[in-house]
Amino acid sequence: MTELVRFIIDPAAQDPHADDDRLRAAGPLVPVTAEGVDAWAATRYATLMTVLTHPDLTREIQYWDPLERSKLPPGTAIDRIVTDISMLNADGEEHRRLRAPLTAAFTPRRVQRLRPTIEALTGALIDDLATLPAHEPVDLRARFAYPLPRDVISEMIGIPPAHRERMHELTDAVAHVSADLADGPRVREELRALLRRIIEERRRSPGEDIITDLIRLREQDGGRLSEDELFATIDLLFIAGHVTTVNLITNAVGALLHEPGQLTLLRSGRCPFSAAVEETLRWDSPVAYFPFRYAKRDVEIDGVHLRAGEAVLACFASSGRDPERFGADADRFDLTDPPASHLAFGHGPHFCLGAPLARLEAEIALRALFTAFPAIRAAGPREELRQIDTLLGNSTRTMPVVLGP
Ligand code: HEM
């Protein structure tokens, strides 16, 4: 039997799109090793669509080959995601049970009601930026892209302002726990204790937020969600609702500042801000790779034979650059031709719950930023920006800009 040559996915790669081009050229499903675990990478748009809806692929971890599972390095991004007991890792009836309590909070109509809140939070951050020296470089990721989604999701979930900072430090530590394995269990324990306190506070004084809704639901029908599931859900919303949107805002600002012609189109009103959001989602997707789907039985997908128990990695950023779907110019950021569709929010039953919220936040953020600072420009060349080094995310660690003329 021929030995498969596996591509190594290196989260620290400085040109992730070049790596994705290589993977896409190698086949529709490519054998890879990611954080020490073997999987098939679904890199092309059409194949990824198939993978996201295929009846023989599941998110349920019990179908995963035990030998591969035993290679899971504890504390890595993959470990954290595939062992989570939230909706992410359920399918069918179980998935609906875990996701249904949240769908009402995230419909486009409900999310639009948050517009004044998001605009006010954005306005406060812009006011803070305006107090900084206009000619000195400022990191827009840290000062703007990061706090906005954090504060929005905190409001929605019902995290009281007094606990937000610590909650964010802890979820950040959990999200990046591979850098500090020794502290992993301690951090998780503290996060749990803090969540328990917040839930108790909401139980005593209910608000108009997701925690209050979930508590009510638990009390009304005898615990449709167990306590552990309630924790996992809040945790998931917090993490999924934060860094992804930070990446989206950072990537959009970077694309526009490094492509001044495109920014002019936006400023002149010839292209709407929503086009900048959609084109960024396609061209520089906030999520790079997402683990895993497992083959329930032997299955053939786009000519590649998968054995029962094998894992498939979804390559969201790669699918957005696929020339078979987006043409020979797929590598160009072009606001005059935003995509009619893309897979940056996934597809099928696990389609991103927070997509309407992320879109609204990014649109409000970009409009406010480019209106408040007409002379904003990049503080250095794009080549000097360093990539974040997580398997999941696709963005730069900083976004240095100069705000004034
Ligand atoms: C699922 C991307 C923002 C909550 C997903 C998936 C993707 C994604 C690709 C599907 C994963 C898969 O099928 O393997 C993004 C991007 C975002 C974003 C690019 C921002 C730009 C948000 C926000 C929230 C959120 C703001 C919540 C407040 C979720 C949840 C799921 C999910 C709960 C799991 C859905 C399920 O398993 O049924 N997201 N997301 N996301 N996202 Fe997002």
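In β9, valine 312 is the bridge partner of arginine 293, and that pair is a handy way into this predicted model. The two strands involved, β6 and β9, run antiparallel and are joined by four bridges. Another of the pairings sets phenylalanine 290 against alanine 314 in β9. Valine 312 also has a partner on another strand, since tryptophan 40 stands opposite valine 312 in β9. That contact belongs to the pairing of β3 with β9, which is parallel and rests on three bridges.

Zooming out, these strands sit in an open sheet of six, ordered β1-β2-β3-β9-β6-β4, with mixed pairing. The edges are taken by β1 (7-9) and β4 (57-58); each has a single partner strand, so one side of each lacks a neighbour in the sheet. For β4, the pairing is with β6 (residues 289-295), in the antiparallel sense and over two bridges. Here leucine 57 stands opposite alanine 295 in β6, while threonine 58 has tyrosine 294 of β6 as its bridge partner.

How well covered are β6 and β9? Of the seven residues in β6, six are buried, so to speak of the strand as mostly covered is fair. For β9 the count is five of five buried. As a rule, side chains in a regular strand alternate between the two faces of the sheet. In β9, Ala311, Leu313 and Cys315 point one way and Val312 and Ala314 the other way, and all are buried. A helix also packs here: α2 (residues 45-53) lies across β2 (29-34), β3 (37-42), β4, β6 and β9 (311-315), and it runs at about 130° to β9.

There is a second open sheet, with three strands in the order β5-β11-β10 and antiparallel pairing. Its edge strands are β5 (138-139) and β10 (377-378), each with a single partner strand, so one side of each is left without a neighbour in the sheet. Two bridges hold β5 to β11 (residues 400-402), the two running antiparallel. In this pairing, valine 138 stands opposite valine 401 in β11.

Next comes the ligand. The shell around the ligand counts 26 residues, and those that come nearest are Gly241, Thr244, Gly346, Cys352 and Gly354. By class, the shell splits into 19 nonpolar, six polar and one charged residues. Which helices each supply at least two residues of this shell? They include α13 (227-240), α14 (243-258) and α19 (355-372).

As for the chain overall, its secondary structure comes to 19 helices and 11 strands. The radius of gyration is 21 Å, close to the 22 Å from the globule rule for 405 residues, so the chain is as compact as a globular protein of that length. The C-alpha trace spans about 65 × 60 × 40 Å along its principal axes. Buried residues account for 42% of the 405 residues. Among contacts with a separation of 6 or more, 75% link residues 24 or more positions apart.

A few single residues round things off. Two of them have a positive phi without being glycine. Glutamate 35 has a phi of about 50° and is found in the loop between β2 and β3. With 19 other C-beta atoms within 10 Å, glutamate 35 is partly exposed, because a buried residue needs 20 or more. Aspartate 302, at about 45°, is found in the loop between β7 (299-301) and β8 (304-306). Is aspartate 302 buried or partly exposed? Aspartate 302 has 13 other C-beta atoms within 10 Å and therefore counts as partly exposed, since 12 or fewer would make a residue exposed.

Arginine 203, by contrast, is found in a helix, α11 (residues 184-204). Arginine 203 has 14 other C-beta atoms within 10 Å, so this residue is partly exposed. The C-alpha atoms of arginine 203 and alanine 193, which lie 10 residues apart along the chain, are separated by 15 Å.

How values were computed
Residues are numbered from 1 along each chain as its sequence is written. This is a predicted model: local features need pLDDT of at least 70, side-chain atom pairs count only at pLDDT 80 or more; totals for chains, interfaces and linings use all residues. A residue is near a molecule or strand if its C-beta atom, placed from the backbone, lies within 6 Å of it. Ala, Val, Leu, Ile, Met, Phe, Trp, Tyr, Cys and Pro count as nonpolar, Asp, Glu, Lys and Arg as charged, and the others, Gly among them, as polar. Two strands pair if DSSP finds at least two bridges between them. Two residues are in contact if their C-beta atoms, placed from the backbone, lie within 7 Å. Axes are lines fitted to C-alpha atoms, for helices over the stretch in contact, and angles run from 0 to 180 degrees between N-to-C directions. The radius of gyration is taken over C-alpha atoms; the globule rule is 2.2 Å times the number of residues to the power 0.38.
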